[in-house]
Amino acid sequence: MSFEIEDGVLKKYIQEEGIKDVVVPDGISVIESWAFYRCKEIETFSMPNSVVRIGQSAFKWCSNMKEIKFSESLAHIEACAFEECRDLSSIIIPQGIKESVMEMGNIVFANCEELTSIKLSTNMDQIGDQFFTVVIPNYACLWKKNVLLQNILGDIRLNV
């Protein structure tokens, strides 16, 4: 696996043919915006607990990604971070080991067509507009149907 890393920031992943499972090395604190853009071969992704921020559109169009292991220290997921990750079916945002505020930007999981379950951290403080949407051909956004959200309040099923 080949990464461009500078001062604890993962700037870019250089996709290699046949690599489906990606593990980010220890010591990375930020996954930069667009770092994994259009890395369509990735199916599973794991980040170390040192990661505190995922940048805008960091994984946009990783359309074959099925599974993500999030950092326990994650505090910010910026807008469009997982947009068009069409094969993601379940997301678990860990509780975290810090007391930091957990924030998610706008349309973080837009067009994740297989997504049916999201378990959020109880530390979640802010969720951006259109957190998960389905965009239809005329670009109108609709809330994703039949998604189960789990948090400290228990299970919430959105049937729109």
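**Buried loops, a nonpolar core and salt bridges in a predicted model**

Leu115 is located in the loop that connects strand S10 (102–104) with strand S11 (117–119). The model described here is predicted. Leu115 has a relative accessible area of 1%. That value is under 20%, so Leu115 counts as buried. Its C-alpha atom is separated from that of Asp87 by 7.5 Å. Along the chain, Leu115 and Asp87 are 28 residues apart.

A second loop residue was examined in the same way. Ser71 sits between strand S7 (67–69) and strand S8 (76–77), in the connecting loop. Ser71 is buried because its relative accessible area is 1%. Its side chain takes part in two polar contacts with the backbone. A polar atom of the Ser71 side chain lies 3.3 Å from the backbone oxygen of Pro48. The Ser71 side chain also reaches the backbone nitrogen of Ser73, at 3.0 Å. Neighbours within four places in sequence can be set aside. Ser71 is then in contact with Met47, Pro48, Asn49, Ser50, Val51 and Pro94.

The nonpolar interior was considered next. The largest nonpolar core holds 35 residues. Among its members, Phe36, Phe45, Ile54, Phe59, Phe70, Ile77 and Phe82 touch the most other members. The surroundings of Ile54 were listed without its neighbours within four places in sequence. Ile54 is in contact with Ile31, Met47, Phe59, Phe70, Leu74, His76, Ile77, Glu78, Ala81 and Phe82. Met47 thus appears in the contact list of Ile54 and in that of Ser71.

At the start of the chain, strand S1 (residues 2–6) pairs with strand S2. The two strands run antiparallel and are joined by five bridges. Glu6 stands opposite Val9 in S2. S1 and S2 form a hairpin with two residues between the strands. In this hairpin, Asp7 takes a positive phi near 50 degrees.

Charged side chains supply further links. The whole structure contains six salt bridges. One of them joins Lys11 and Glu32, with an N to O distance of 3.9 Å. This pair links distant parts of the chain, 21 residues apart. Lys11 belongs to strand S2 (residues 9–14). Glu32 lies in the loop between strand S4 (30–31) and strand S5 (44–46). Lys11 counts as partly exposed because its relative accessibility is 35%. Glu32 is partly exposed as well, at 28%.

Another salt bridge is formed by the side chains of Glu43 and Lys20, at 4.0 Å from N to O. This pair, too, links distant parts of the chain, with 23 residues from one partner to the other. Glu43 is in the loop between S4 and S5. Lys20 is in the loop between S2 and strand S3 (21–23). Glu43 has a relative accessible area of 25%, so Glu43 is partly exposed. Lys20 is also partly exposed, with a value of 37%.

Arg86 and Glu84 form a further salt bridge. Their closest N and O atoms are 2.4 Å apart. Arg86 is partly exposed, at 24% relative accessibility. Glu84, by contrast, is buried, with a relative accessible area of 7%. The cut-off for buried is under 20%, which means that the two partners fall into separate classes.

Notes. Residues are numbered from 1 along each chain as its sequence is written. This is a predicted model: local features need pLDDT of at least 70, side-chain atom pairs count only at pLDDT 80 or more; totals for chains, interfaces and linings use all residues. Side-chain values use heavy atoms; hydrogens and water are left out. A nonpolar core is a set of buried Ala, Val, Leu, Ile, Met, Phe, Trp, Tyr and Cys residues joined through side-chain atoms within 4.5 Å. Buried means under 20% relative accessible area, exposed over 50%, partly exposed in between (1.4 Å probe, protein chains only). Contact means heavy atoms within 4.5 Å. Helices (H or I, at least four residues) and strands (E, at least two) are DSSP runs, numbered from the N terminus. Two strands pair if DSSP finds at least two bridges between them. A polar contact is a pair of N or O atoms within 3.5 Å; within protein, one must be able to donate a hydrogen and the other to accept it, and residues adjacent in sequence count only if both atoms are side-chain atoms.
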